[in-house]
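Thanks for coming. I will take one structure today, starting with a single side chain and ending at the ligand.

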Amino acid sequence: MTDIDRARRPGGPSSRKRALVIGGGFAGVAAAIDLQKQGRFDVTLVSDRDYLYLYPTSIWIPTRGLRFEQAQVPLESISRAHGFRLVVDRVEEIRSADGVVRCTQAEHAYDYLVLATGAAKMRHPGIENTLSICGVPETSLEIRDRLDALIVKGSGSIAVGFGGNPKDTSAVRGGPAFELLFNIDVLLRRKKIRDRFTLTFFAPMAEPGERMGRRALTMMDRMLAAARIAKRVGIPIAAFDPEGVQFADGGRLDADLVLFIPGAAGHPIMAASDLPLNEAGFVRIDDTGLVEGTSNVYAAGDVAALEGPRWRAKQGHTAEVMARNAAFNIAAAESGRPERKGYQQHLSIVCLMDTGNGAALIYRGRKNNLVIPLPVVGHWMKRAWGTYARQTTLGRIPRLPGL
Ligand SMILES: Cc1cc2nc3c(=O)[nH]c(=O)nc-3n(C[C@H](O)[C@H](O)[C@H](O)COP(=O)(O)OP(=O)(O)OC[C@H]3O[C@@H](n4cnc5c(N)ncnc54)[C@H](O)[C@@H]3O)c2cc1C
C-alpha cells in the first residue's frame, strides 16, 4: 500500500485484502456492490465521473424526454448505500506487475483489481463534425441543442448512423442509433413539422443490425419505410465534413446534423498498461473474467475482449454478469474454493428498442431469436426500467434475478 493510499483509508490500515475497482459504470458499480457484499474486502471504486450514467435512458435527452440529471445516479449515494469507498479520480496507468494503479491525485495498491473503464471509440477522419449519443454524457446536451436549433429554423436534414470495428465484431453499437432516429421522427411528427425534415439512416455494413437476427432486420426495414426514413447502407464511410458524410465510392450524404456512433475501440489506459490485449485493444480474459497471465486482475464490461458467437455484443446486462462473476470468483479464489462462474453461457442480446411511442423487445441467444413489437407499452416499460435501475442501484428495492 502506498503512503497516500494508507493515509486516505478511513480507520487506517486493515488486515483485509484490498479490492480495487476502476470505472463507475454498470460493470464497476456491480463489481463494487458485490465485492462489498462478500464482507471480507476493503473495497474502493475509482471513477473519473462522480455519477453512474444510465446510458440506455440517455436516448431521450436530445428530444427533451428526460433531463440530463435524470440519467445520473450519484456514485456517492451508491457508495453510502452499499458501504464501499469511493474515489473520484482519473486512472492514468495500471502496473499489474507491481499491483499498482496510478491516478492523477494518488496511487492505489491492490490485492485484487477489477478493470471496468468501458471502451473508447474509433476515430474516423472528420469525426469532430459528428455527435455521438454513446460518447461522453455531455454530448447528449449538444445533440439536444442542435436539434432545438433545427426545430426553431423549421426545416432541415438529419443523418443518423453507426459504424463497426473490423477487428472485433462485438464492438458495434447500433441500437441507440435506431432509438434516437425514431425518437426524433416522433418528436417532429408531434410538432407537425416532420414533412419539412429529411431523416436518413446510414451505415457502412450491408445489413446493419444483422446480429440482432433476421426477424429484427426485417422489422427495422419496415419501421424505417413506414416512418419515411431514407436508408444509405453498404458503402464504407471515407470521412465526415461540416456538410455531411463522404462515402468511399465518391458519393455523399448532405446533412445539417450528423449523429454517428463509431465502433468501439480499446480504452487508451489499457493500451498504455502491461495487460494483454486483443487486436482491437480490448483486455483478454478467460471465461471467468480473469485477465490472461494474471492471478488477481479481472475485467468486466465493455473494456474486456468478449469471446463467443459472432453476434455477441457489449451490453449493460453482460457487463453486470461479468462484474458479479468477478466478485464471486475473487471471493472463491481468496477462500481457496474451486468453483468459478463464467460469462459465456450468459451471452445474449437483450434490447428493449425504444421508438418514442412504443418499443420492440429483441432477444437473441444461442437457441432463440425473438422480436416482440410492444406499441405504447414498450416505451413505458423502458422508462420504468430507468426507475428500477436507479432504485436497485441505490439499494432501495431488491434486484430481480436476471434484470
Ligand atoms: C446510448 C446507449 C444506450 C444503450 N442501451 C443499452 C440497452 O438498452 N441495453 C443494454 O444492455 N446495453 C445498452 N447500452 C450498452 C451499455 O450501456 C454498456 O454496455 C455499458 O454501459 C457498459 O458498462 P461499463 O461499466 O463496461 O462501461 P461504461 O458504462 O462506459 O463505464 C465506464 C466507467 O469508467 C469510467 N472511466 C473511464 N475511463 C476512466 C479513467 N481513466 N479513470 C477513471 N474512470 C474512468 C467512466 O467514467 C465510467 O464511469 C447502451 C449504451 C449506450 C451508449
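Which backbone nitrogen does the side chain of Ser132 reach? That of Cys134, at 3.0 Å. Keep in mind that this is a predicted model.

Let me stay with Ser132 for a moment. This serine sits in a loop, with strand E10 (120-121) before it and helix H4 (139-153) after it. Is Ser132 buried or exposed? It is buried, because its relative accessibility is 12% and the cut-off for buried is under 20%. Setting aside neighbours within four places in sequence, the contacts of Ser132 are Thr139, Ile143, Phe260, Ile261 and Pro262.

Now the overall layout. The domain assignment splits the protein into domain 1 (3-119 + 266-347 + 384-393) and domain 2 (122-263). Their C-alpha centres are 30 Å apart. Across the boundary, 24 residues of domain 1 make contact with 27 residues of domain 2.

Next, another loop residue. Leu275 is found between helix H7 (268-271) and strand E19 (283-284). Leu275 also counts as buried, since its relative accessible area is 8%. If we leave out residues up to four places away in sequence, Leu275 touches Ile94, Ser96, Leu115, Met270, Val291, Thr294 and Val297. For a sense of distance, take Leu275 and Leu147: they are 128 residues apart along the chain, and 41 Å separates their C-alpha atoms.

That brings me to the ligand. How many residues surround it? There are 30, and the closest are Asp48, Val91, His267, Asp302 and Gly316. By class, this shell consists of 10 nonpolar, 12 polar and eight charged residues. Domain 1 and domain 2 each supply at least three residues to the shell.

Some polar contacts, one at a time. In the side chain of Asp48, an N or O atom is 2.5 Å from an oxygen atom of the ligand. With Asp302 the contact uses the backbone instead: an N or O atom there lies 2.9 Å from a ligand oxygen. Phe26 also uses a backbone N or O atom, at 3.2 Å from an oxygen of the ligand.

How much of the ligand does the protein bury? On its own the ligand exposes 1000 Å², and 92% of that is buried by the protein. As for secondary structure, the elements giving two or more residues to the shell are helix H2 (26-37) and helix H8 (316-334).

That is where I will stop.

Methods:
Residues are numbered from 1 along each chain as its sequence is written. This is a predicted model: local features need pLDDT of at least 70, side-chain atom pairs count only at pLDDT 80 or more; totals for chains, interfaces and linings use all residues. Side-chain values use heavy atoms; hydrogens and water are left out. A residue is near a molecule or strand if one of its heavy atoms lies within 4 Å of it. A polar contact is a pair of N or O atoms within 3.5 Å; within protein, one must be able to donate a hydrogen and the other to accept it, and residues adjacent in sequence count only if both atoms are side-chain atoms. Accessible areas come from the Shrake-Rupley method with a 1.4 Å probe; for residues, only the protein chains shown count as cover. Helices (H or I, at least four residues) and strands (E, at least two) are DSSP runs, numbered from the N terminus. Ala, Val, Leu, Ile, Met, Phe, Trp, Tyr, Cys and Pro count as nonpolar, Asp, Glu, Lys and Arg as charged, and the others, Gly among them, as polar. Domain bounds come from an automatic or database domain assignment. Buried means under 20% relative accessible area, exposed over 50%, partly exposed in between (1.4 Å probe, protein chains only). Contact means heavy atoms within 4.5 Å.
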